[in-house]
Amino acid sequence: MFKYCPACASQKIVLEGHRFHCPDCGFVYYHNTAAATGCVIRAAGGKILLLVRGREPAKGKLDMPGGFVDPGEGALEGLRRELREEIGWDIPPGAEPVLFASFPNRYPYHDILYNTCDLFFAIDAPDLTEKDLQREEAEIAAVRFVNPADIHDEDLAFDSTRRAIQVYKQRYR
Ligand SMILES: [Zn+2]
């Protein structure tokens, strides 16, 4: 990620695990794990809402709504914001997101590999239809309501999402 020390421009900067260290000036940077959320929104008939990704990485593959938690946010706040931004949907009062799984993921973005800790929530939204949604067109090519039994690993964008969907299928079938 760093070819030069951001503090003194030395080329001797080394990466040990996720710690960058510059022996010339003592600069230290931990490339820590970032928190991210994903959400299974359970609509009528047990179908769940998935997004067709409109951008790389994994363009065209299915993903859950969600995304990185911003600095200063809690996971639930981040999830609420992402749902508003991505699908124009506010979690209705009384519909509490429930954490059901968490897995690590590696997310390449503009040549930087981010290690994430993905937190997966489930929400019941039996009245939700596509008409209630306003998708973010640049990021999301389409929204789908899918029967969990019809979701195959290769349809999904990310490893952590595959594992979360497997847990979801086992727990909520
Ligand atoms: Zn330095």
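## The residue after helix α1

In this predicted model, Gly88 comes just after α1 and takes a positive phi of about 60°.

## Helix α1

The helix that ends before this glycine, α1, runs through residues 75-87. At 1.5 Å a residue, its 13 residues should span 18 Å, and the distance between its end C-alpha atoms is 18 Å, so expectation and model agree.

Six names make up the buried set of α1, namely Gly78, Leu79, Glu82, Leu83, Glu86 and Ile87. Because these residues cover an arc of only 135° around the axis, they lie on the same side of α1. A general rule helps in reading such a pattern: an α-helix has 3.6 residues a turn, so residues three or four places apart point the same way. The partners against which the buried residues of α1 pack are strands β4 (34-42), β5 (48-53), β7 (66-68), β9 (112-124) and β10 (140-146).

## Helix α2

Helix α2 takes in residues 159-172, and its 14 residues, at 1.5 Å each, should span 20 Å; the end C-alpha atoms are 20 Å apart, which agrees.

Which residues of α2 are buried? They are Ser160, Thr161, Ala164, Ile165 and Tyr168, and since they fall within an arc of 130° when seen down the axis of α2, they line one face of the helix. On the other side of α2, by contrast, Lys169 and Gln170 are exposed. The cover over the buried residues of α2 includes β4, β6 (62-63), β8 (98-109) and β9.

Key. Residues are numbered from 1 along each chain as its sequence is written. This is a predicted model: local features need pLDDT of at least 70, side-chain atom pairs count only at pLDDT 80 or more; totals for chains, interfaces and linings use all residues. Helices (H or I, at least four residues) and strands (E, at least two) are DSSP runs, numbered from the N terminus. The expected span of a helix is 1.5 Å times one less than its number of residues. A residue is buried if 20 or more other C-beta atoms lie within 10 Å of its own, exposed if 12 or fewer, and partly exposed in between; C-beta atoms are placed from the backbone. The arc is that of the directions from the helix axis to the C-beta atoms. Two residues are in contact if their C-beta atoms, placed from the backbone, lie within 7 Å.
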